[in-house]
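Reader: I have a model open on my screen and would like to understand the labels attached to it. Could you talk me through them?

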Amino acid sequence: MCWWIVIMAMVLEIASSVSYYGPAWSYDDETNWPGSKCREGGKRQSPIDIRTTDVIKDFNSHFIKYGALKFIGYQKVLLTGVNNGHTIQFSCEGDETIHPVLTGGPLKHQYRLEQMHFHWLSEHSINGMKYPMEIHFVHVRSDLTVMEALQKKDGLAIVAVFCQVQSDLDDFDTENTEELAQTIPRLLNTGERLSGVLLDMTKLLSPNRYNYFTYAGSLTSPECNEVVIWIIFESPIYMSDAQYRMFGKVGVGRHNFRSLQKVSNHLVFCPPASHINTPQIVIFFESVVKLVAEFFKNVTSYMAKGLKSR
Ligand SMILES: [Zn+2]
């Protein structure tokens, strides 16, 4: 056996993984993000603060034209988890034809699930209030490659699910997020990878899939392409304090959310039958700020400013 070939192969693998996963941009300095849309802003940048008083109930099917949302094949999904230096991301394994599929609501086309990842704190906010976490399920139009989708105004559909933290959840309540939480300790460092993860992704979707906000926006990371139909569920899922703390140990820097973008031409819609329950969100969030204070001090001071300026 030629050991030097093995050693060379290992060196090359390490080198390629460093260049692939090494963050070329940072959440600490958004002014230097690659992509002109990120720096100069466009017409439909994300994330935004959703003002529920401005949300349009889509009685006339201006935007929500295609009936109920349908999630097909999300029960058993084979994934590879990677810490890419910005977040933990789970990408679908196997051929594109076996990926879960999303249709309906505002989506004219069928979309295949590519990957899921996490932001803490949330990127979108509701009436100025953020959640501790937002999960993004990134879907690509089934008739397009990823590269093609990044050039089309409806190339991607991202489903966003807010995650709420409660310290007094019992085992039964945390069951939905436990499968996921068990994988996090193996993905704490940039470049770490875990294949063959089987998740029931329906457990990570909102319990109420009838109430959602939707608008035409952008990617929230470079190069901020304006190609995303956002579908943001109003009702959060729940995670325990211990599970959330695990994300605090993930080495991706202080935080990993893009700052809120100026609302310009954005029109946010919801299905006509939606029941938007604003006061509940505000009460929940204020209790969470206290909970996370000790381990996300920097972020919490940012949050506190937001709360005071209300
Ligand atoms: Zn995201």
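Author: Happy to; here are the labels and the reasoning behind them. Keep in mind that this is a predicted model.

Reader: What makes His117, His119 and His136 donors of the zinc ion?

Author: Their distances do. His117 (NE2), His119 (NE2) and His136 (ND1) lie 2.0 to 2.1 Å from the zinc ion, and a donor is an N, O or S atom within 2.8 Å of the metal, so these nitrogens qualify. Along the sequence, the donor residues follow the spacing H-x1-H-x16-H.

Reader: Why is His117 called buried?

Author: Its relative accessibility is 11%. Buried means under 20%, so His117 meets the cut-off. His119, at 3%, is buried for that reason too.

Reader: How do you know that Val159 is in contact with His136?

Author: Contact means heavy atoms within 4.5 Å, and Val159 has His136 among its contacts beyond four places in sequence, along with residues including Phe71, Leu102 and Phe233. Val159 also belongs to the largest nonpolar core, which has 48 residues. Together with Phe90, Met116, Phe118, Phe137 and Met201, Val159 touches the most other members there. Another core, of 22 residues, lies apart from it and includes Val140, Ile158, Phe162 and Tyr215.

Reader: And what percentage of the protein chain counts as buried?

Author: Of its 310 residues, 51% do. The chain has seven helices and 15 strands. Among its contacts with a separation of 6 or more, 77% join residues 24 or more positions apart.

Technical notes: Residues are numbered from 1 along each chain as its sequence is written. This is a predicted model: local features need pLDDT of at least 70, side-chain atom pairs count only at pLDDT 80 or more; totals for chains, interfaces and linings use all residues. Side-chain values use heavy atoms; hydrogens and water are left out. Donors are N, O and S atoms within 2.8 Å of the metal (3.2 Å for Na, K and Ca); water is not among the atoms, so sites may look incomplete. Buried means under 20% relative accessible area, exposed over 50%, partly exposed in between (1.4 Å probe, protein chains only). A nonpolar core is a set of buried Ala, Val, Leu, Ile, Met, Phe, Trp, Tyr and Cys residues joined through side-chain atoms within 4.5 Å. Helices (H or I, at least four residues) and strands (E, at least two) are DSSP runs, numbered from the N terminus.
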